[in-house]
Amino acid sequence: MLSLNALSLQASVSCVTMTTVPASLDSLRVLHRSDDYIVVDKHWDIRIDSKMWYEKLTVQAQLRHRFPQLADPSTYYGFRFCHQLDFSTSGALCVSLNKAAASRANRCFRDRSVTKAYLALVRGWVEEEEQTLDFSIGKNSSEGKTHTMCIEGTEGCEKPKPSKTELTVLERGLYDGDPVTKVLLQPLTGRTHQLRVHCGAVGHPIVGDFTYSSGVDDAPYRMMLHAHLLHIPLDPQPLLVFAGDPFLPTEDPKWLPQRSLRTLGGTVNALLERRVKEERRIAEEVRERKRKETNGRSREQGAAEESEEQRMQCQQWLREWAGD
């Protein structure tokens, strides 16, 4: 379970953030390293891995370059990635260093007990400061768009599945003279391109999203989506990592905040506190269910013992009656 003490780690977040400089083999930033896991701050213009011979620069290649002794020859890529980030998305990416660690992390992702939060700059000024984006997402079968996703009800949307994202407004301002909003996005489900599709569905596409703007939004140097927070409730020691904030005027002078509604640190702490309460509620429900199951078995056992006692009394009475 996530400890409230873990919230203090917010103060120790690495100040190193992404820059406008493209990725290189040596530009791997490590946020956390243990015997079981490495968490890196993935660059914004690099794939995690690739089977294409011409794609030489990947996170997998960076890891092999930095940590050749940790590569596992029994795997195709040498490293076991616990989850995925899009090519254009930066931020916290967890890598397992052995099969057992991969299994533990995968169980958390499968159980949806992992907490993730992303920073984004989106087009326009988002009026509703806190909202849940609830749109089912499916694969787009339209000609020329089969590599994208879409929301239920749009043309060509196949097999849509329920998808939810929590959106919180942090700041409003301008990017290169155009109105934009800085938001924190918490995906409650894990659909492909979920955050990009959900933001577009409410009329606030992510700045620099070339694919979902049909190639129109191509002026920014990158897509403004960054995996800021990753919490995996591993047992006995949870993994809590922050990947800084690349969307600052000092990093990109085209971004000019004009009105701050809430701080990133305070918003993330509130998110984590809600997660603590939710984990406690779930744990209490589990304990109560086990208690009821135990009591139920005790009553059944008691009933069985009582029936046996009654049977013996009945047999004694029959013997006595027969003797008469």
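## Exercises on a predicted model

The protein chain has an accessible surface of about 17,700 Å², and carbon and sulfur atoms own 51% of it. The model is predicted.

**Exercise 1. Judge the confidence of the model: what is the mean pLDDT of the protein chain, and where does pLDDT stay under 50?**

Step 1. Start with the whole chain. The mean pLDDT is 88. Of the residues, 86% reach 70 or more.

Step 2. Go to the weak stretch. Over residues 3-18, pLDDT stays under 50. The model still gives this stretch 34 contacts beyond four places in sequence.

**Exercise 2. Describe the overall build: how many helices and strands are there, and what share of residues is buried?**

Step 1. Count the elements. The protein chain holds four helices and 14 strands.

Step 2. Check burial. Buried here means under 20% relative accessible area. Of the 324 residues, 45% are buried.

Step 3. Look at sequence separation. Take contacts between residues at least 6 apart in sequence. Of these, 66% join residues at least 24 apart.

**Exercise 3. Place strand β10: is it mostly covered or open, and which strands do its bridges join?**

Step 1. Find β10 at residues 164-175. It is mostly covered, with nine of its 12 residues buried.

Step 2. Pair β10 with β6 (residues 130-134). Five bridges join the two, and they run antiparallel. One partner pair is glutamine 131 and leucine 167 of β10.

Step 3. Pair β10 with β11 (residues 178-187). These strands are antiparallel too, joined by 10 bridges. Glycine 173 has valine 180 as its bridge partner in β11.

Step 4. Inspect the turn. The β10-β11 hairpin has two residues between the strands. Aspartate 176 takes a positive phi near 55 degrees there.

Step 5. Pair β10 with β14 (residues 255-260). Five bridges join these antiparallel strands. Glycine 173 appears again: its bridge partner in β14 is proline 257.

**Exercise 4. Map the largest pocket: what is its volume, which residues are closest to its centre, and which element gives the most to its lining?**

Step 1. Read the volume. It is about 960 Å³.

Step 2. Go to the centre. The pocket is lined by 36 residues. Closest to the centre are Lys116, Pro187, Leu188, Thr189 and Gly190.

Step 3. Assign elements. Those giving two or more residues are β5 (115-123), β6, β10, β11, α3 (194-201) and α4 (264-323).

Step 4. Pick the top contributor. Helix α4 gives the most, with six residues.

Step 5. Link back to Exercise 3. Strand β10 pairs with β6 and with β11. These three strands are among the elements that line the pocket.

Key:
Residues numbered from 1 in each chain as written. Predicted model: local features only at pLDDT ≥ 70, side-chain atom pairs only at ≥ 80, totals over all residues. Heavy atoms only, no water. Buried < 20%, exposed > 50% of the residue type's maximum accessible area, 1.4 Å probe, protein only. Contact = heavy atoms within 4.5 Å. Areas by Shrake-Rupley, 256 points an atom, 1.4 Å probe, with all protein chains shown as cover. pLDDT = per-residue confidence, 0-100. Pairing = 2+ DSSP bridges. 1 Å grid on protein atoms, 1.4 Å probe; cavity = no way out; pocket = protein on both sides within 12 Å on 5 of 7 lines; lining within 4 Å. Points joined across faces, edges and corners; volume = space filled by probe spheres on them.
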